[in-house]
Amino acid sequence: MGKVAIVTDSNSGITQKEAKELGIRVLPMPFYINEELFFEDITLTQEEFYQRLAEDADISTSQPSPGDVIDLWEELLKEYDEIVHIPMSSGLSSSCETAIGLARDYDGKVHVIDNQRISITQRQSVLEAIEMAEKGMSAQEIEDVLMREKLEASIYITVDTLKYLKKGGRVTPAAAALGTVLNLKPVLQIQGEKLDSYAKVRGWKAAKKTMLDAIQKDLDGRFKGKEVYIRAAYTCTEDEAQAWKKEIEERFPGYDVYMDCLSLSVSCHIGAGSRAVACMKKAEY
């Protein structure tokens, strides 16, 4: 059985340091800040990103250049027989579609997995791919599992401000103004391709309860009887994040809740101060 390399992007939350420890490669996502190019976790830290966001800098997301993707694949194929490449959801970026197009020139040696995940759910796909590769499974076998399991995950997110949703055109200026006056907190969800609306409630207390109730509904319904992971994510302060993690653990005792920063590609659209919770079924293979 040939050796399989695992590749993802920084939207998975896996840092360059952690990637070395895991034995994988992570493509850094590019960002333009006031027309200057930065790379996540290379020339742009989480702290710097949020500082520039707070300064109302002009921030736009981009995708890894085709040349950088090809260079990485070519380097890996000198040592590995096949590559499993797990980018962020195709519904949130064109980087997945670009990679799928590039992979056509590699005679089946590069498998790009459009399993429509991001952040902590994308990270879980990567960890499962690593485990499958270590078990000796082929790139095609790994792809089959990840694609079969792709929708077996949910992320629920509440934003602290409507400013960035308004900026991105996801809410109208009038709705944003009214929502701010009424202290409305939109609860968003990622189940599959995109960031969609889930509920609107008043205040953080109700928002957090809504997210935790949504996880409970998943556990009692679509994931009933299955082995499930519960994860937390945030764009708020570390203290707020730890308090949020504690709330999740108290609501779901017995679960080992891993927590990570939300992907900067998501943070661009929701801003600082957000909290998220996710659940996903353990892949069966």
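This is a short tour of one helix pair and two cysteines in a predicted model.

Before you start, note that residues are numbered from 1 along each chain as its sequence is written. In this predicted model, local features need pLDDT of at least 70, side-chain atom pairs count only at pLDDT 80 or more, totals for chains, interfaces and linings use all residues, and side-chain values use heavy atoms, with hydrogens and water left out.

**Stop one: the helix pair.** Select residues 204–220, helix H9, and residues 238–251, helix H10; helices here are DSSP runs (H or I, at least four residues) numbered from the N terminus. Their axes come within 11 Å and cross at roughly 40°. Axes are lines fitted to C-alpha atoms over the stretch in contact, with angles from 0 to 180 degrees between N-to-C directions. That angle makes H9 oblique to H10, oblique being what remains outside under 35 (roughly parallel), over 145 (roughly antiparallel) and 65 to 115 degrees (roughly perpendicular).

Now show side chains. On H9, pick Lys 208, Lys 209, Met 211, Leu 212, Asp 213 and Gln 216; on H10, pick Trp 244, Glu 247, Ile 248 and Arg 251. These make the contact (heavy atoms within 4.5 Å).

**Stop two: the cysteines.** Select Cys 236, which is buried at 11% relative accessibility (buried means under 20% relative accessible area, with a 1.4 Å probe and protein chains only). Its closest cysteine sulfur, in Cys 261, is 9.1 Å away, too far for a bond. Move on to Cys 279, buried at 0%; its sulfur lies 19 Å from the closest one, in Cys 236, again too far for a bond.

How many disulfides does the whole structure hold? The search finds zero, a disulfide being a pair of cysteine sulfur atoms within 2.5 Å.

Notes. Buried < 20%, exposed > 50% of the residue type's maximum accessible area, 1.4 Å probe, protein only. Helix = DSSP H or I, 4+ residues; strand = E, 2+ residues; numbered from the N terminus.
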